[in-house]
Amino acid sequence: MTPRRFPRWFPIRRVIKGEKGRDWFWLVGVLWWFLKIVVFTLLFSVEFVLRSLLVSDEKTAITGGDGVELWPRKLATAKFLLDDMKLVKRDVPDTTINDVLLGMVSSGFSRYLDHRTPNALHEGLRITGVAMVNIRPQPGLQDLSKLMKSNTKARWGNKFGVILIPVYYHKGGNDPLEYLKRAKATVDKKKHSLEAYFSYKIGDLVMSLLGPKYACMLNYKLLCNTTFTLSNVGGPLEEISLAGNPLSSIKVNTSSLPQAITMHMLSYAGKAEMQILVAKDIIPDPEFLAKCFEDALLEMEEAVLRTNKA
C-alpha cells in the first residue's frame, strides 16, 4: 500500500468578504487538525514500538513466526478488474483503491478463517499487517546527475517507513460494504499521523547507534509479531511489449519473511493481480484464500449494484 507520506499540512482557508467570523471557524479547524495529527502520531508510534518489542497477534490458522521464513512456500494469484474496484470505490465517498483492497483483505481473511476454524475465533479479532511507505521528498526514479550533486534533496538507497494496518475478523453479515467502511476509517486515521516517518527515524537511530545487526533484529521482531505484509502498486495503464513480445501480466513478490502470508498487488492494463505467497505447511490451500479475496470484491460489487437499483 502507498498511502500519503505525511498528512495534508494545512486545511484550505476560504476567505469570504464581510464574514470575519469565519476566521474563527478556520482557526478551530486548524487546531482540530493539529490535535488529530498529534494524537494519532503518538498512538500509532507507541503501538509500533510495542509491536516491535512485546505485543503480537493472537494465534490463528494464518499466523507465522520465528523460523517460518525458511519453510517451503506456495504461490497463488487473485485476479480482479480495476473497473470493479472503482465501482465499489465510488459508492463510499472519498474512498481509494487502497481502502477497497484493505476491505477485501479483511473480508477474505474472515471467510478463510471461518472455513479453516469455524466458530473458533471471537468477533473483532485483530489481524495486523505491515505496509511500506515511501518517504522520499521526491518519489519515483531520480536523474543520476541530480544524485551526484552534493546539495540535492535526492539521495541514494531506500528511504521508507513502516505502518501497521490492522484488519478485524467478523462473521459474514448482511452488508459486505461494512468491511470497506471499517477499512476506510482505519486508513483515514493513518493518513492523519506521522507513523511512517517515526518508524523510519527509529530504524535509522537503531542503525546509527547499534549497527545493522540490531536494526535487522528490530525489523525481524516486528514481522514475527504481525501476520501479513501487503502492498499495492499502480502499473502501466495500457499493454506494453518487451522486444516485440506483448506482456500478458506483470507480477511482483517477496520471500524470506517470517510471516506465513505476503500479498502484493500490481495493476496492469485495467486488471489487478495479487500474488499470494504462503508457507504451505501453515496455509496449504492458497488457491482457496485467493478465491475468498475475489469473492469479497464480487459481493461488494453486488451490494453496490443492489443499492443503486433500489
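The second largest cavity in this predicted model holds about 60 Å³ of space. The count comes to 4 cavities of 30 Å³ or more. Here's a look at what surrounds the second largest one, and at how two of the helices that line it meet.

**What lines the cavity**
- Leu102, Ser106, Pro166, Val167, Tyr168, Tyr179, Arg182, Ala183 and Thr186 make up the lining of the second largest cavity.
- Sort those lining residues by class and you get 6 nonpolar, 2 polar and 1 charged.

**Where the lining comes from**
- Three elements chip in with at least two lining residues each: helix α3 (97–116), strand β3 (160–168) and helix α5 (177–191).
- The top contributor is α5, which gives 4 residues to the lining of the second largest cavity.

**How α3 and α5 meet**
- The axes of α3 and α5 come within 8 Å, crossing at roughly 125 degrees.
- That angle is why α3 counts as oblique to α5.
- As for handedness, α3 passes α5 in a right-handed crossing.
- On the α3 side, the contact is made by Asp99, Val100, Leu102, Gly103, Ser106, Ser107 and Ser110.
- On the α5 side, Tyr179, Leu180, Ala183, Lys184 and Val187 do the touching.
- By class, the residues in this α3–α5 contact split into 6 nonpolar, 4 polar and 2 charged.

**Residues with two roles**
- From α3, Leu102 and Ser106 appear in the cavity lining and also in the contact with α5.
- From α5, Tyr179 and Ala183 likewise line the cavity and take part in the contact with α3.

Terms used: Residues are numbered from 1 along each chain as its sequence is written. This is a predicted model: local features need pLDDT of at least 70, side-chain atom pairs count only at pLDDT 80 or more; totals for chains, interfaces and linings use all residues. Side-chain values use heavy atoms; hydrogens and water are left out. On a 1 Å grid over the protein atoms alone, a cavity is a set of points where a 1.4 Å probe fits but cannot get out, and a pocket is an open set with protein on both sides within 12 Å along at least five of seven lines; lining residues have an atom within 4 Å of a point. Grid points are joined across faces, edges and corners, and a volume is the space filled by probe spheres set on the points. Ala, Val, Leu, Ile, Met, Phe, Trp, Tyr, Cys and Pro count as nonpolar, Asp, Glu, Lys and Arg as charged, and the others, Gly among them, as polar. Axes are lines fitted to C-alpha atoms, for helices over the stretch in contact, and angles run from 0 to 180 degrees between N-to-C directions. Angles under 35 degrees count as roughly parallel, over 145 as roughly antiparallel, 65 to 115 as roughly perpendicular and the rest as oblique. A crossing is left-handed if the near helix is turned anticlockwise from the far one by less than a right angle, and right-handed if clockwise. Contact means heavy atoms within 4.5 Å.
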